[in-house]
Amino acid sequence: MSRSTNGLLHVHADVAAAIAAGRPVVALETTLVTHGLPQPDGVRVAAALEDAVRTRGAVPATIGILDGQVRVGISRGELDRLAAAPNPVKVNLGNFAAEVAAGGCGSTTVAATMVAAWRAGIRVFATGGIGGVHRGVTETGDVSADLTALARYPVAVVCAGAKAILDLPRTVEMLETLGVPVLGVGTDEFPAFYRRESGLRVDRRCDTINDVARAVRTHIDLGFTSGLVIANPVPEADALPKDIHDSALGTALVEAADVSGRDVTPYLLDRMRSLTGGASVKTNEALLLNNARVAADLAVALSAIGTPPAGPSPRP
Ligand code: PSU
Ligand code: MN
């Protein structure tokens, strides 16, 4: 595979050409593939997300770490290798550099994917739901590095809000504290991943993708160096029914009492899967595809109004 090297990044040739020409590119993460979904769903969904991005006229750049190389745009075979690894490392901000230095393999979380996307000059990224402030934070102090990355790197993250396993009111408060804009795609309400409603507000509702693109562009032009949350609710028909959702979540949270650190999110997502008889995985897949499509539309709209200069923006 031919690829260009930008410092420590290994950017796939197709992705590098699109970035250089200001054509639309969408970053995709790999932790949801290795830790968020069971196999073979993970690899199948990853390929479907790439197809969804291509169908809407953008170039997908799935990001992961292979043999110490930060890959921006990985092939299907490489994705299979990552997914087949016995214990793939979940890479966030803290363990990123050491994993690369050691020549290891790992999947990138939202936080790690944002860093790689930003360094490569990609402005738009699609995931399922961002990490945030965990329930019981006053005891555990568990706050996802995704929030730290959102405060630091100017990438628009299209997501179905934050995962409902989290403390959503505290997560929204933290985004406000960090100065991360939260734009609702056709909604006033911050979405709750498997469900559309949370009772919490977004900073601003955007009813067209051009409204979102203008807000993102203006955020960058004003010199903000933070990311943005583009909150795109799961389609109504794909949302988990409230009773099923609430009872599964209640049980999963009780069961997770002894789980800590990086294992918490994968554990809860897996418990939701079995407690809903697999329905949560179908919902997760549907919201991921919906986010990939909206992210591609956003990348196309941004490219049409003139993407900000390629490459990382200057640090303040
Ligand atoms: N979205 C999904 N499934 C996932 C994730 C997001 O639909 O598994 C992953 C992302 O990679 C995110 C991570 O960064 O969950 C959050 O983990 P933590 O709470 O440990 O920071
Ligand atoms: Mn954590």
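**Close-up views of the predicted model**

**View 1. Helices H2 and H12 in the shell around ligand 1.** In this predicted model, helix H2 (31-36) and helix H12 (264-275) are elements that each give at least two residues to the shell around ligand 1. Of these contributions, the one from H2, with 3 residues, is the largest share of the shell. Counted in full, 18 residues surround the ligand, and the closest of them are Glu-29, Lys-90, Ser-144, Asp-146 and Thr-265. Sorted by class, the shell around ligand 1 holds 10 polar residues, together with 4 nonpolar and 4 charged ones.

**View 2. Polar side-chain atoms beside the oxygen atoms of ligand 1.** The side chain of Thr-265 places an N or O atom 2.7 Å from an oxygen atom of ligand 1. For Asp-146, an N or O atom of the side chain is found 2.8 Å from an oxygen atom of the ligand, and for Glu-29 a polar side-chain atom lies 2.8 Å from an oxygen atom of ligand 1. The ligand taken alone would expose 480 Å², and the protein buries 95% of that area. Ligand 1 sits in the largest pocket of the model.

**View 3. Strand E5 with its partners E2 and E4.** Strand E5 (residues 69-72) pairs with strand E2 (residues 9-12) in the parallel sense, and this pairing extends over 3 bridges. Within this part of the view, His-10 stands opposite Arg-71 of E5. Strand E5 is also joined to strand E4 (residues 59-66), in this case by 4 bridges, and these two strands run antiparallel. On this antiparallel side, Val-72 in E5 is the bridge partner of Ile-63.

**View 4. Asp-67 in the hairpin of E4 and E5.** The loop between E4 and E5 contains Asp-67, and the hairpin that these strands form has 2 residues between them. The phi angle of Asp-67 is near 50 degrees, which is a positive value in a residue other than glycine. A reader following the backbone from E4 into E5 will therefore find this positive phi at Asp-67 in the hairpin itself.

**View 5. The cis peptide bond that leads into Pro-40.** Between Gln-39 and Pro-40 the peptide bond is cis, with an omega angle near 5 degrees. Pro-40 belongs to the loop that lies between H2 and helix H3 (41-55). Helix H2, at one end of this loop, is the helix that supplies 3 residues to the shell around ligand 1.

Notes
Residues numbered from 1 in each chain as written. Chains lettered and ligands numbered in written order. Predicted model: local features only at pLDDT ≥ 70, side-chain atom pairs only at ≥ 80, totals over all residues. Heavy atoms only, no water. Near = heavy atom within 4 Å. Polar contact = N/O pair within 3.5 Å; in protein donor to acceptor, adjacent residues only side chain to side chain. Areas by Shrake-Rupley, 256 points an atom, 1.4 Å probe, with all protein chains shown as cover. 1 Å grid on protein atoms, 1.4 Å probe; cavity = no way out; pocket = protein on both sides within 12 Å on 5 of 7 lines; lining within 4 Å. Sits in = over half its atoms within 2 Å of the grid points. Nonpolar A, V, L, I, M, F, W, Y, C, P; charged D, E, K, R; others polar. Pairing = 2+ DSSP bridges.
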